[in-house]
Amino acid sequence: MGFANENEPIKYKPRYVLWEILIQLYEDSENPIDKFACALAYETKGALFREKALQKFEESIDYITPEFMQKFISYMPLNVYMKFSRLYESNHEYEKAILYTELGHKYGNKNNPNFNKRIRELQDKIKRNPKKRKYNPSQETLEFEKDIVNAAKYFIKVANLNRY
């Protein structure tokens with residue numbers, strides 16, 4: 001989890017490679033903290049990995065307390081809950097998006113009207129039930145992802161990170 005926290009300010013390709021190293025090393029871990037870190041890593045990878053991010057999040061969230069999240073400046077409860085609220089919204093799971101918006105509101109400014117506005121917008125989406133579109137990544141996106149995975153595997157091998 002500390003690795004995820006320290007990775008947050010790094011930008012562009014190095015950041016993607018670091019996130020992928022995290023995924024490669026901890027994808028199969030049963031530790032809820034590792035699963036949570038993988039959820040955060042998958043979230044950064046965009047629509048192609050949205051389902052995987054939500055899966056790892058759901059596998060870990062019962063074990064990841066707000067008190068735990070507050071130990072990591074990049075992943076305070078408000079930020080985490082709103083991040084996954086947006087993912088659920090993108091996945092057309094509006095009830096869960098509302099739930100995590102409400103949880104986020106507990107850690108945000110109680111007088112901020114944007115939380116209630118967002119909840120109303122999500123409730124409206126439930127009524128409208130917009131059609132979910134299938135994501136079709138471009139060939140360029142798939143090649144970029146392949147390059148990131150290969151780079152991560154290379155760094156894991158060269159730095160002998162498998163020992164951890």
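The largest nonpolar core in this predicted model has 31 residues. Inside that core, the residues with the most contacts are Phe36, Phe57, Met69, Val80 and Phe84. Several helices give two or more residues each to this core: α2 (12–26), α3 (32–44), α4 (50–60), α5 (66–69), α6 (77–90), α7 (94–107) and α8 (114–128). The largest share is that of α3, with 7 residues. There is also another core, apart from this one, with 5 residues. Ile21, Ile148, Ala152 and Ile156 are among them.

Let me stay with Phe57 for a moment. Phe57 is in helix α4. Is Phe57 buried or exposed? Its relative accessible area is 0%, so Phe57 counts as buried. If you want a partner for Phe57 in space, take Tyr42: the two are 15 residues apart in sequence, and their C-alpha atoms are 9.7 Å apart.

Now the aromatic rings. How many aromatic pairs does the structure hold? There are 10. A pair of aromatic rings is described by two things, the distance of the centres and the angle of the planes. I will go through two pairs.

The first pair I picked is Phe57 with Tyr100. Their ring centres are 5.2 Å apart and their planes stand at 70°; the cut-off for edge-to-face is over 60 degrees, so this pair is edge-to-face. Which parts does the pair tie together? Phe57 belongs to helix α4 and Tyr100 to helix α7, so the link joins parts that are 43 residues apart in sequence. Both Phe57 and Tyr100 are buried.

The other pair is Tyr81 with Tyr107. Here the centres are 6.1 Å apart and the planes are at 40°, so the pair is called tilted. Tyr81 sits in helix α6 and Tyr107 in helix α7, so this pair ties together parts that are 26 residues apart in sequence. Are the two partners buried or exposed? Tyr81 has 5% relative accessibility, and because buried means under 20%, Tyr81 counts as buried. Tyr107, at 34%, counts as partly exposed.

The four residues I have just named also belong to one aromatic cluster, made of Phe57, Tyr81, Phe84, Tyr88, Tyr100 and Tyr107. You will remember Phe57 and Phe84 from the list of residues with the most contacts in the largest core.

One more ring, this time with a charge. The charged end of Lys45 sits over the ring of Phe49, and the distance to the ring centre is 4.7 Å.

Next, two buried residues and their partners in space. Leu122 is in helix α8. With a relative accessible area of 0%, Leu122 is buried. Between Leu122 and Thr101 there are 9.7 Å in space, C-alpha to C-alpha, and the two are 21 residues apart in sequence. Ile21 is in helix α2. Its relative accessibility is 5%, so Ile21 counts as buried. Ile21 and Cys38 are 17 residues apart in sequence and 10.0 Å apart in space, again C-alpha to C-alpha. Ile21 is one of the residues in the 5-residue core.

Now the backbone. Most residues other than glycine have a negative phi. Which value does His92 have? Phi of His92 is positive, about 65°, although His92 is not a glycine. His92 is found in the loop between α6 and α7. Its relative accessible area is 25%, which means that His92 is partly exposed. Asn129 is also not a glycine, and its phi is positive, near 45°. Where does Asn129 lie? Asn129 is in the loop between α8 and α9 (139–158). At 59% relative accessibility, Asn129 counts as exposed.

His92 brings me to the last topic, the largest pocket, because His92 is one of the residues that line this pocket. The space in the largest pocket is about 270 Å³. Which residues line the pocket? They are Ala47, Leu48, Arg50, Glu51, Ser90, Asn91, His92, Lys131, Lys132, Arg133, Lys134 and Tyr135. By type, the lining divides into 3 nonpolar, 3 polar and 6 charged residues. That is the end of my part.

Technical notes:
Residues numbered from 1 in each chain as written. Predicted model: local features only at pLDDT ≥ 70, side-chain atom pairs only at ≥ 80, totals over all residues. Heavy atoms only, no water. 1 Å grid on protein atoms, 1.4 Å probe; cavity = no way out; pocket = protein on both sides within 12 Å on 5 of 7 lines; lining within 4 Å. Points joined across faces, edges and corners; volume = space filled by probe spheres on them. Nonpolar A, V, L, I, M, F, W, Y, C, P; charged D, E, K, R; others polar. Core = buried A, V, L, I, M, F, W, Y, C linked by side-chain atoms within 4.5 Å. Buried < 20%, exposed > 50% of the residue type's maximum accessible area, 1.4 Å probe, protein only. Helix = DSSP H or I, 4+ residues; strand = E, 2+ residues; numbered from the N terminus. Phe/Tyr/Trp six-rings, centres within 6.5 Å; stacked < 30°, edge-to-face > 60°. Lys NZ or Arg CZ within 6 Å of the ring centre and 35° of its normal.
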